[in-house]
Amino acid sequence: MWGINSGCFQSGSDLWNCVESLVTSLSLNLTCSDGVRLLNGSSRCSGRLQVKTNPSDQTWSSVCEADLDLQDAQVVCRELGCGAPSVLQGALYGDVQTPRRSPEFQCGGHESALLDCRSSGSARSSCSPGKAAGLTCSGRRGAAASTALLFTLTPSSHSSLCSEFPETRLVGENSRCAGSLQIRRSGVWKPALIFPWTLEKAALFCSHLHCGSAVSADMTRSVNSTFTVIISDNCFQSGSDFMKCSYFNEHNASITLTCSDSVRLLNGSSRCSGRLQVKTNPSDQTWSSVCEADMDLQDAQVVCRELGCGAPSVLQGALYGDVQTPRWSPEFQCGGHESALLDCRSSGSARSSCSPGKAAGLTCSGRRGAAASTALLFTLTPSSLSSLRSGFPEIRLVGENSRCAGSLQIRRSGVWRPTFIQWWSLEKAAVFCSHLRCGSAVSADRTRSVNSTLTVGITDDCFNSGSDFMKCSFFDEHDSSSNLTCSDLLLHPVLSVSSSSSILGVSEAQQQGLQVVWGSTFTISCSIQPQYPGGSFQLTFTSSNTSYNSTQPAVNHSAHFLFPDAEPAHRGNYSCVYHLHVFGHDFWSESHLLSLSVSDPTAVVVRWVVVPLSLLLVQGALWLYFK
């Protein structure tokens, strides 16, 4: 069955780039209105009214305002699945040139379709300009509102969940802020399972447990199944009741999370940015903001590491809002290597307040666009800049003979896991090829295994500008994985030269001054490290006045091009191009250029015979003179 991504409905989309083959028991049904339609409106429930006047040739005609009344409009809105009519007015949604042709409808208001109504029998051929009926049915506002409730999860909706939050705890670790999530139902603690399980959802539980920010969200599997509380995705929508959207089921997987129990970032655009707070009194769960003057680069490095984010990029007062004094925190004296801020040495004393606008705001790398503001704190190295690319996870391709082809895996919580990407396409594969420095994407497909396994799922939102991969990825059970092949599949071939002349000792690493003797025999060899069998080598030659190519099949991953008689025409630049057809596509890879010159044998005699003999004679003459 074909699945159609929502991106297919954007202007200019290519249907074949946003559909995929799915195995599912679901199918879509739809019902169209074949007798009436509304054009040029702001929604499907508004526009200029047209009726089909000739089904045989699919002719549609606009309706004159004088031929419609309230009962007729009620029938049209009902037929289109909209609410009651609210506006009926001529030329409200544009006018059309005469003639128009439609009968005068005489509906009672109870009919299910306009063409079921009685009509005058005769039809006018035209009506006055500006009188083509425009109709607006109510119901659009309500439909849009319900759609937003289904698909939009805002920060304000997070807080609304707390009133219905279940009794939760984390078990299995030495901290109450880390471990396997359990929920109390009917007086019994049960393991919990949430699909999809993301850092964003984990943050809700960390906040509810007064454990700061979410650092990791993982999933574990046991040998035997047990009764588990399953929490559906609907539980995380505004106004949801956890008791109504969770249920019991047998499962062998459970979810784990780790919270930062000592620091947190508030009011930021991602989990890796915000106003810094530290827990100053664990007994009553008191958090205090930190004064900017009490933080330096080493302190910021520790905070970012503790929260599972990248290197710090911005540290600035009131960057994410300010709070009223007093603030209370010691001056931290971290070395930069500590795993938690409270592991650092501190001044011992604490200030009760600091100047307004000085509450420390911190941004750690890990989200797209963080590099743009790094100058506020310090200059990042090129390696640091690359780590900021969309908060990109650690990835690799496995299962093939090239690092640029195979099944996509992502490292989460120190473990490499297969990856399943919704609406997997060449466009998305190109993002991973680019990140791996493997060129462009050539193919993107999926493989299905017999058994399901714990998989990192990546949602469509991850590919939007500014997305944090850690927030929009999740753990799930799946029997499919994403595969891709990039254009830089092949290694680069190596070019070398050998000659019958004893003068020459050449390799590709010595490209300057390579010479063969005029009239000697030399061979140019092309070779490549074994990856795939077969293929061919093309030797390309260019000079100031000519160029040519010669091709040989690859034998044992190499080919040898013989030149029996070197001459000046062979002077120029040579390169090897390796061609291979694999995975249903043609690939090629080119060596570095090798510059070759042909020397005059007379010059060789002078250099290797006359010059040494002359030196010998001079030395003999000097010896006789002094003797």
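**Reading surface, helix and sheet**

Mentor: Val618 is partly exposed, with a relative accessible area of 48%; the class lies between buried (under 20%) and exposed (over 50%), as computed with a 1.4 Å probe on protein chains only. This is a predicted model, in which local features need pLDDT of at least 70 and side-chain atom pairs count only at pLDDT 80 or more, whereas totals for chains, interfaces and linings use all residues. Residues are numbered from 1 along each chain as its sequence is written, and side-chain values use heavy atoms, with hydrogens and water left out.

Trainee: Which residues join Val618 in a nonpolar patch on the surface?

Mentor: A patch collects residues with over 30% relative accessible area and no salt bridge, with nonpolar side chains (Val, Leu, Ile, Met, Phe, Trp, Tyr) joined within 5 Å and like charges within 9 Å; a salt bridge puts a side-chain nitrogen of Lys or Arg within 4 Å of a carboxyl oxygen of Asp or Glu. Here Leu622, Tyr625 and Phe626 join Val618, and together the four have about 510 Å² of accessible area (Shrake-Rupley, 1.4 Å probe, only the protein chains shown counting as cover). Val618 itself belongs to helix H10, residues 601–626; helices (H or I, at least four residues) and strands (E, at least two) are DSSP runs numbered from the N terminus.

Trainee: Where do the buried residues of H8 fall when one looks down its axis?

Mentor: The arc is taken from the directions that lead from the helix axis to the C-beta atoms. In H8, residues 426–435, the buried residues are Lys428, Ala429, Phe432, Cys433 and His435. They fall within an arc of 165 degrees, so they line one face of the helix. Just after H8, Arg437 has a positive phi of about 55 degrees.

Trainee: In which loop does His210 lie, and is this residue buried, partly exposed or exposed?

Mentor: His210, whose phi is near 55 degrees, a positive value in a residue other than glycine, sits in the loop between helix H4 (199–208) and strand S14 (214–231). Its relative accessible area of 44% makes His210 partly exposed. Asn556, also a residue other than glycine, has a positive phi near 55 degrees and is found in the loop between strand S32 (547–553) and S33; Asn556 is exposed, at 72% relative accessible area.

Trainee: In what order do the three strands of the open sheet stand?

Mentor: Strands pair if DSSP finds at least two bridges between them. The order is S28-S30-S33, with antiparallel pairing. Strand S28 (494–499) and strand S33 (558–563) are the edges, each with a single partner strand, so one side of each lacks a neighbour in the sheet. From one strand to the next the twist averages 20 degrees, the axes being lines fitted to C-alpha atoms and the angles running from 0 to 180 degrees between N-to-C directions. Strand S30, residues 522–527, shares six bridges with S33, and Thr523 faces Leu562 in S33.

Trainee: Which strands pair with S34?

Mentor: S34, residues 572–582, has eight of its 11 residues buried. Its antiparallel partners include S31 (residues 536–542), through seven bridges, S36 (residues 594–599), through three, and S35 (residues 585–590), through six. Asn573 is the bridge partner of Thr542 and also pairs with Ser595 in S36, while Val577 is matched with Glu590 in S35. S34 and S35 form a hairpin with two residues between them, where Phe583 in the turn has a positive phi of about 55 degrees.
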